[in-house]
Amino acid sequence: MSRHFQTLAGIGLALGGTLVPSVASAQYNRVPDPNAKRVMVAVFRSGDKGLGVQAADAVRSRMTSEFPFKQVYVLLKQDITATLEASGFPVTEALEPHDQKALATLLRADEYVTGTITKAPEGVKVEANLVLARDNALVQPLGTYDAKNVGEASSLIAKELKEARKQLEFEQKCINSARQQQYDAAIASAKEGITAYPKSTLARICWANVLVTQKAPAAQQLALAKEITAIDPKSRPGLAILAQSYRDSNMGDSAVVTLTRLLATDPKNPRLQKDVVEAIASLANPKVAKPVIDEAVQANPGDPELLRLRWIILLSTRDFKEAFAQGDELVKLDTSFADTTYFIRTARAYAADSQFQKAAETASKGMAKFPGNGSLVYEQIVTLRSAGQNQQALEALDKAIAAKQPVEGASVLRITLLKDLGKADEVLPAIKAAIAGGDTTSNLRLLALQAGNEAYRKAATSKSLDDFTSAVDILKYAESVSPNNLKPQAQFLLGATYVQFGQAKLSAADAAKSCPLTKEAKDLFVEAQIMLPRGGSFAPDQMRTLMGAVMQLDPAADARIKAYCK
């Protein structure tokens, strides 16, 4: 039902805030005992018109005749019908769980009975639950029965309900003791409730919550949670405690399966969605969740929240073909699903599937729908680069930068593209401009150091004095902007460059018998002796080797100064 329970709340106010039994009722001709528990019977869910109403009426009638008046007051059908009609709700259809709870609250019910009924070859098949009105997650299954007719089914339900209610006084004592932090007394009451009704979920849930509050060992919580979910596989409190116990016990696969089962009980709960998705991501084995979510989707066809979770799981398991189809289906069901997250995840999935062109197209579609979104711009650029379209990627990035769109790691990304395109002469100016502009990214400093290293290797190969001059300039800059963790490497490379540059100048001096070149070589050896020890922690063995070479080259430079500088 699409209506919200607040409609019912409004009706409660319109009726003066209290709802009393109909005077016309033939079943009750006296005021209910003030100590009696008020129990509502809701229309059962059924695919057969009228069958759910028949089931509720039969259970209500059976309870009225079998439960002591001073212990249990069964709310009259007239009062339930009046409230529903006043709010515009159909009186012959089952309410959604949150509306059932709201109706029970308005009618001041302590508990309510709900269920499903279907026709079967031999009669009817019925499933019933007792729910505590204070929290519709507190459910006690009353069993599933094959009966000849509705009357026989109601008799079986009433009989089990009478047994199930034996736990309630102990469950309440457990709750009260837990609130007063009397945990031993709370657990003792819970155990009494289980003794009174061995199939109890409600007393076990109270006990389990006490264990959680006490931070009891995970194994202890796990054992009790397993008991709860064995009795009621759809118990939300039981599944929640079970999932957390599995996680605390490092049983990741079981945790994912349990969380997925939990979400299937309440697929529109955003907190549960978040927990399941985070667990799948952190536990790194989403394949165990796939059969569970497939079963949940089959049981709840067309549920967009479950389909969304299935889409996320398919992406995580890299079942890309199914994931793309599932994503398309979701967008058709609800166009709002195609948000920025959808386009980003889909683009990344196409890239992971080596469909780089599709990835770029998906990012472009997202940008068309959400112009100016930096994350989508980033995805488009990255996928274009992966597709080998580096020039288009650079143009897209430059356009975004010019439009002042925030793109993650824009400076580093641009420099990487420049390198990919072979525009080496533009790399260092771009680095300097970005750092001068206030970019504090450590990767930018690393790129400066990498540029210096490449320049050093080029000069060491070519032995060109111009190449050495360029390498020194780049490495000086890199050393000046390097963070502490990179500075020793920059200093070592600069020192090594000074050694080889000095050696090259010394050779050139010999060829030309040049005094200036010799003095320049001498100066480079002095710089090397200063810089190499500073960078010694980066490469201690190589530093000692180079220092040994300098100790021989420096006197050689002195000798040539005497020879050439007269």
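The following paragraphs describe selected helices, a strand hairpin, the largest pocket and several individual residues of a predicted model.

Because the model is predicted, local features require pLDDT of at least 70 and side-chain atom pairs count only at pLDDT 80 or more, while totals for chains, interfaces and linings use all residues. Residues are numbered from 1 along each chain as its sequence is written, and side-chain values use heavy atoms, with hydrogens and water left out.

A convenient place to begin is helix α24, which covers residues 487–512; helices (H or I, at least four residues) and strands (E, at least two) are DSSP runs, numbered from the N terminus. Helix α24 has 26 residues and spans 37 Å from its first C-alpha to its last, close to the 38 Å expected at 1.5 Å a residue, where the expected span is 1.5 Å times one less than the number of residues. Of the 26 residues of α24, 19 are buried, so the helix is largely enclosed by the rest of the structure. Here buried means under 20% relative accessible area, exposed means over 50%, and partly exposed lies in between (1.4 Å probe, protein chains only). Lys487 belongs to this helix. Apart from neighbours within four places in sequence, Lys487 is in contact with Glu479, Ser480 and Ser482, contact meaning heavy atoms within 4.5 Å. A polar atom of the Lys487 side chain lies 3.5 Å from the backbone oxygen of Ser482. Just after α24, Lys513 adopts a positive phi of about 50°.

Helix α25 (residues 515–534) has 20 residues and reaches 30 Å between its first and last C-alpha atoms, close to the 28 Å expected at 1.5 Å a residue. At the start of α25, a side-chain oxygen of Ser514 comes to within 3.2 Å of the backbone nitrogen of Leu517. Leu517 is itself among the buried residues of α25, which also include Cys515, Phe525 and Met531. The cover over the buried residues of α25 includes α24 and α26 (540–564).

Ser482 appears again in the surroundings of Arg445, a residue of helix α22 (residues 442–462). Arg445 is buried, with a relative accessible area of 14%. Leaving aside neighbours within four places in sequence, the contacts of Arg445 are Ile435, Asp439, Thr440, Val481, Ser482, Pro483 and Leu486.

Turning to the strands, β4 (residues 123–132) and β5 (residues 139–147) pair in the antiparallel sense over 8 bridges; two strands pair if DSSP finds at least two bridges between them. A hairpin of 6 residues joins β4 to β5, and the bridge partner of Leu130 in β5 is Gln140.

Strand β5 also contributes to the largest pocket, supplying the largest share of its lining with 5 residues. This pocket has a volume of about 1,700 Å³. Of its 45 lining residues, Pro97, Lys234, Ala264, Thr265 and Asp266 are the closest to its centre. At least two lining residues each come from α4 (97–106), β3 (111–120), β4, β5, α11 (252–265) and α13 (290–299). On a 1 Å grid over the protein atoms alone, a pocket is an open set of points with protein on both sides within 12 Å along at least five of seven lines, whereas a cavity is a set where a 1.4 Å probe fits but cannot get out; lining residues have an atom within 4 Å of a point. Grid points are joined across faces, edges and corners, and the volume is the space filled by probe spheres set on the points.

Glu160 sits in helix α5 (residues 150–164) and is buried, with a relative accessible area of 13%. Beyond neighbours within four places in sequence, Glu160 is in contact with Leu142, Tyr145, Tyr197 and Lys199. Glu160 and Leu142 are 18 residues apart in sequence and 6.0 Å apart in space, C-alpha to C-alpha. The Glu160 side chain makes a polar contact of 2.5 Å with that of Tyr197 and another of 2.9 Å with that of Lys199. A polar contact is a pair of N or O atoms within 3.5 Å; within protein, one must be able to donate a hydrogen and the other to accept it, and residues adjacent in sequence count only if both atoms are side-chain atoms.

Two loop residues other than glycine complete the picture with positive phi values. Arg108, between α4 and β3, has phi near 55° and is partly exposed, with a relative accessible area of 41%. Gln181, in the loop between α6 (168–179) and α7 (183–196), has phi near 60° and is exposed, with a relative accessible area of 59%.
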